[in-house]
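Visitor: I am new to reading protein structures, and I would like a close look at one part of this one. Could you pick a spot, stay with it for a while, and then show me how the rest of the chain is laid out?

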Amino acid sequence: MALLPIGIFLLIFIGAGVLSHDFYTMPAIVGFLIALIVAFMQNRKVSFNDKIHIISKGIGEENIVTMCLIFLASGAFSGTITAAGGVESTVNLGLSIMPASIAVVGLFVIGCFIYVSMGTSVGTITAMAPIGIGIADKTNIALPICMGAIVCGAMFGDNLSMISDTTIAAVRTQGCDMKDKFKENFLIVLPAAILTGVIFFFIAQGNAGEISNNLNYEIIKVIPYLVVLVGALIGINVFIILITGTALAAAVGIGTGAFAFGELFQKMGEGVTSMYDITVISIIVAAIVALVREHGGIVFILNLIQKRLKGKRGAELGISILVLLVDCCTANNTVAIVMAGPIAKEISVQYNVSPKRSASLLDIFASVGQGLIPYGAQLLTAAGMAAISPIAIMPYLFYPILMGVSAVLFIVFRRRET
C-alpha cells in the first residue's frame, strides 16, 4: 500500500494518454501532485505536521538541492548559447567538413556531439531536423531514415552529456562524480554507437546527393560548447563549467551581434524557464519518495528484488529493469531516473554495486526506453517536424536497441568489481 501513490500516478498518466491518444495531455506535474495528496492521506498514525517534516527533509537532501540548481544553471547556458547561434554554427561546421557521401552517418555523429554539448535531446532534434529533411529532399534516402539517425544521435548524448538533466539526476541520486560515470558509461555505449554508424552507412548505401553549400558558421560560436565539454571531461566542478560556458556564450552573442546586451538576460531567462518543469517535478517526486520510504515502500521493493535476484549481477539487472519500466510508464527519462534513483541507491548499497555503475545503468536504460517509445517527446518532436508518423521512424532506431543489448552483455559478462 505504501507504493499506492506511484500506482495512482501511473494509472492517471497512462489512462489519460490512452483515452486521449496523446501521452502529453496530462501534465506530469499534475499527476505527481495527485500522487502526493494520496501519499499524505496514507498512514494516519503519522500526523500531518510530521509528514510535512518528512517531505521537507526529503526535498532538502543535498542531492536534490544540487540537482535542481544544476538544472537551472544548465538552462541558462543552453538558452544563451542557442540565442548566440552556437547550435547553428556547430551543425554547419560539422556538415562543412563531412563528405556528402556519408550525410546520414553525419546526422547521427553531429547529433551525438550537439547533445553532449547542449544537454537537451528535444533541442538537438529541433536543431537537426531541418538538416535531415533537407538531406532527404536532395537524395533518394527515405525521410524516416534521416530522422531515425537524428533521434539516435540525440539518445547517444542523452546518457553521456555532462549537462544533461538525465546525467545530472543519475549522478546526484547515486552519489558519484560525473567524470567517473561518463567513463563507465562511455565504455558500454561505444560499441553500440560504432555499429549504429555502420548500419546507417549501409542503409543509406553511400548515396547522399548534394548538400547545400550555404553552410555559414563562425568558429567562435562553437568555442563555448568545446569549453563546457572539455572542462567537464577533465573534472572541473559542474557549476564552474556552466557559469563559464554561459559567460562565454554571452560574450560571443553580444560580440557577434546575435543579440544586444539588453537582451542577454532575457535569453538567459528563457533557458532557465525551460527547466522549471523538471525542477518542480524533481521536488515533488522527492516528497513522494520520502513518504513512500517512511511508509515502508522502499523496504518492500528491496525485499521483493532480494527474493528474485542474486548477487551484483542480479542487482544490476534489477536496477536496469526498474528504470526501464518506469520510463515506459512516464514517457520521461529524467522523471524515471528521479523516481527510480532512490530505490536504485538502496539496491546498490545492499549488493555493493559501485555508484558510478548504478548511475550508468540508470541513465542507459532510461534512454533505451525513451528512445523507443512512440509517445516520448523525442519521437513526437522528430515526427512532427518531418510531418510523418512516429511509427515510421521506429524501425530505424538502431542505437537505443544496441545500447540496451550492449549494456545487458556488459552486466552478464563483465568482471564484477571487488
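Guide: Leaving aside residues up to four places away in sequence, A136 touches I141, L143 and C146. This is a predicted model, so please read every value here as computed from it. A136 sits in helix α7, which covers residues 121–137. Is A136 buried or exposed? Its relative accessible area is 11%, and buried means under 20%, so A136 counts as buried. A136 also has a partner farther back in the sequence: A103 is 33 residues away along the chain, yet the two C-alpha atoms are 9.7 Å apart in space.

Let us follow one of those contacts. C146, which A136 touches, has a relative accessible area of 0%, so C146 is buried. Another cysteine, C152, is buried as well, because its relative accessibility is 0%. How many disulfides does the structure hold? The count is 0. In general, a disulfide is a covalent bond between the sulfur atoms of two cysteines.

Now step back to the whole chain. The secondary structure comes to 21 helices and 0 strands. Of the 418 residues in the protein chain, 56% are buried. The chain exposes about 17300 Å², and carbon and sulfur atoms supply 67% of that area. Look at contacts with a separation of 6 or more, and you will find that 80% of them join residues 24 or more positions apart.

Two pairs of residues let you see such long sequence separations for yourself. M1 lies in the segment before α1 (4–20), and M1 is exposed, with a relative accessible area of 75%. Its C-alpha atom is 8.8 Å from that of G296, although 295 residues separate them along the chain. The other pair is F300 and L3, which are 297 residues apart in sequence and 8.8 Å apart in space, C-alpha to C-alpha. F300 belongs to helix α15, residues 297–308, and F300 is partly exposed at a relative accessible area of 47%.

Next, see how helices pack against each other. Two packed helices are described by the angle between their axes and the distance between the axes. A good place to start is helix α17 (residues 333–350), which packs with helix α18 (residues 355–370) at an angle of about 145°. Their axes are 10 Å apart, and α17 passes α18 in a right-handed crossing. On the α17 side, the residues that meet α18 are N333, I337, A340, G341, A344, K345 and S348. On the α18 side, they are P355, S358, L362, D363, A366, S367 and Q370. By class, this contact has 6 nonpolar, 6 polar and 2 charged residues. The general rule to keep in mind is that an α-helix has 3.6 residues a turn, so residues three or four places apart point the same way.

Helix α17 has another packing partner, helix α14 (residues 276–294). Here the axes come within 9 Å and cross at roughly 35°, and α14 passes α17 in a right-handed crossing. From α14, the residues taking part are I278, I281, S282, V285, V289 and R293. They meet T334, V335, V338, M339, P342 and E346 in α17. This contact divides into 8 nonpolar, 2 polar and 2 charged residues.

Further along is helix α19 (residues 377–386), where Q378, L379, T381, A382, A383 and A386 are buried. Just after α19 comes A387, in the loop between α19 and α20 (390–393). A387 is exposed, because its relative accessibility is 71%. Which backbone angle should you check at A387? Look at phi: it is positive, about 60°, although A387 is not a glycine.

N43 gives you another case to look at. Its phi is near 50°, a positive value in a residue other than glycine. N43 is placed in the loop between α2 (28–41) and α3 (48–59). N43 is partly exposed, with a relative accessible area of 31%.

To finish, return to where we began: A136, buried at 11% relative accessibility, touches C146, and C146 is buried at 0%.

Methods
Residues numbered from 1 in each chain as written. Predicted model: local features only at pLDDT ≥ 70, side-chain atom pairs only at ≥ 80, totals over all residues. Heavy atoms only, no water. Axes fitted to C-alpha atoms, helices over the stretch in contact; angles between N-to-C directions. Helix = DSSP H or I, 4+ residues; strand = E, 2+ residues; numbered from the N terminus. Left-handed = near helix turned anticlockwise from the far one by under 90°. Contact = heavy atoms within 4.5 Å. Nonpolar A, V, L, I, M, F, W, Y, C, P; charged D, E, K, R; others polar. Disulfide = S-S within 2.5 Å. Buried < 20%, exposed > 50% of the residue type's maximum accessible area, 1.4 Å probe, protein only. Areas by Shrake-Rupley, 256 points an atom, 1.4 Å probe, with all protein chains shown as cover.
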